[in-house]
Amino acid sequence: MNKIFIVNLKMNLTYKDASCYKRIVDESNINNLIIAPSNIYLETMKSNKYELCAQNGHYLDYGAFTGEVSFKQLHSINVKYSLIGHYERRKLFNENIKDIRLKLLSCINNEIIPILCIGEDKKEKENKVAIKKVIEELKTILKGISLDKLIIVYEPFWSIGTLSYPEYKDIELMHERIKNIASEHTKNVYVLYGGSVDKNNIKEILNINNVDGVLIGNSGINPHNLIEMYNIVK
Ligand code: PGA
């Protein structure tokens, strides 16, 4: 199976849980997996079985920013990917499009492959402006930038952690539009879907045209669930 699986572990797992998670995944048959743990586990969870991803980074390389970690620092411990612009960063930490663009540029400068999260909120969906909003935002973030590889996760904000998700035809259309725009900026673009992916919908979602993989939150916190989901679609 060549679809990409990303697991966003958010602020979950203790040190012991993280070691256990790594052991279970290492012993499994899963492949094409990227795990985004809390930064403190990026060393503990290093593995040949999967790649590691940061959940966020600061766009400046160094400086007086207590509590922050830069993409340069992440690169120095061989972190290959970083999420950028996740909905929770936008909503809970007031990240805006300007910040997201700066983070994207910093990833490129520091040889980290960006995983850009983008989506619409409930109101935008109801007002039927989801595609317009996402595409305009994507154009603004990518303006004048070209890069080797870009992963984009289409994550409707209203779908994250809610057990609700869009109709498959809406996912298909959105992914097609995103891919068209992103292809003007990179030769290697992968468009993944995220938001309430679980074992009941993963097969259908991965069968949609232009869905190159999934980003999993809640359903991936238990490694056994993650492996079960992989085995449903492998
Ligand atoms: P969820 O989270 O799978 O729990 O909806 C997805 C995410 O936060 O990216």
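**Exercise 1. Describe how helix 6 packs against helix 7.**

*Step 1, geometry.* Helix 6 (residues 130-142) and helix 7 (residues 168-182) pack with their axes 10 Å apart, at an angle of about 20°. Axes here are lines fitted to C-alpha atoms over the stretch in contact, and angles run from 0 to 180 degrees between N-to-C directions. The helices are DSSP runs (H or I, at least four residues), numbered from the N terminus.

*Step 2, orientation.* That angle makes helix 6 roughly parallel to helix 7, a label for angles under 35 degrees. Their crossing is right-handed, meaning that the near helix is turned clockwise from the far one by less than a right angle.

*Step 3, contacts.* Contact means heavy atoms within 4.5 Å. From helix 6, Ala-130, Ile-131, Val-134, Ile-135, Leu-138, Lys-139 and Leu-142 meet Leu-173, Met-174, Arg-177, Ile-178, Ile-181 and Ala-182 of helix 7. By class, this contact has 11 nonpolar, no polar and 2 charged residues. Ala, Val, Leu, Ile, Met, Phe, Trp, Tyr, Cys and Pro count as nonpolar, Asp, Glu, Lys and Arg as charged, and the others, Gly among them, as polar.

A note before you go on: this is a predicted model, where local features need pLDDT of at least 70 and side-chain atom pairs count only at pLDDT 80 or more, while totals for chains, interfaces and linings use all residues. Residues are numbered from 1 along each chain as its sequence is written, and side-chain values use heavy atoms, with hydrogens and water left out.

**Exercise 2. Now do the same for helix 4 and helix 6.**

*Step 1.* Helix 4 (residues 97-109) packs on helix 6 at an angle of about 50°, and the axes are 9 Å apart.

*Step 2.* The two are therefore oblique to each other, and the crossing of helix 4 and helix 6 is right-handed.

*Step 3.* Ile-97, Ile-100, Arg-101 and Leu-104 of helix 4 make the contact with Glu-137, Thr-140, Ile-141 and Leu-142 of helix 6. The classes are 5 nonpolar, 1 polar and 2 charged residues.

**Exercise 3. Find the surroundings of the ligand and its polar partners.**

*Step 1.* Collect the residues with a heavy atom within 4 Å of the ligand. You should get 13 residues, of which the closest are Lys-10, His-86, Glu-155, Gly-161 and Ser-196.

*Step 2.* Look for polar contacts, pairs of N or O atoms within 3.5 Å. An N or O atom in the His-86 side chain is 2.8 Å from a ligand oxygen atom.

*Step 3.* Turn to the backbone. A polar backbone atom of Gly-161 is 2.7 Å from an oxygen atom of the ligand, and for a backbone N or O atom of Gly-217 the distance to a ligand oxygen is 2.9 Å.

Technical notes: Parallel < 35°, antiparallel > 145°, perpendicular 65-115°, else oblique. Polar contact = N/O pair within 3.5 Å; in protein donor to acceptor, adjacent residues only side chain to side chain.
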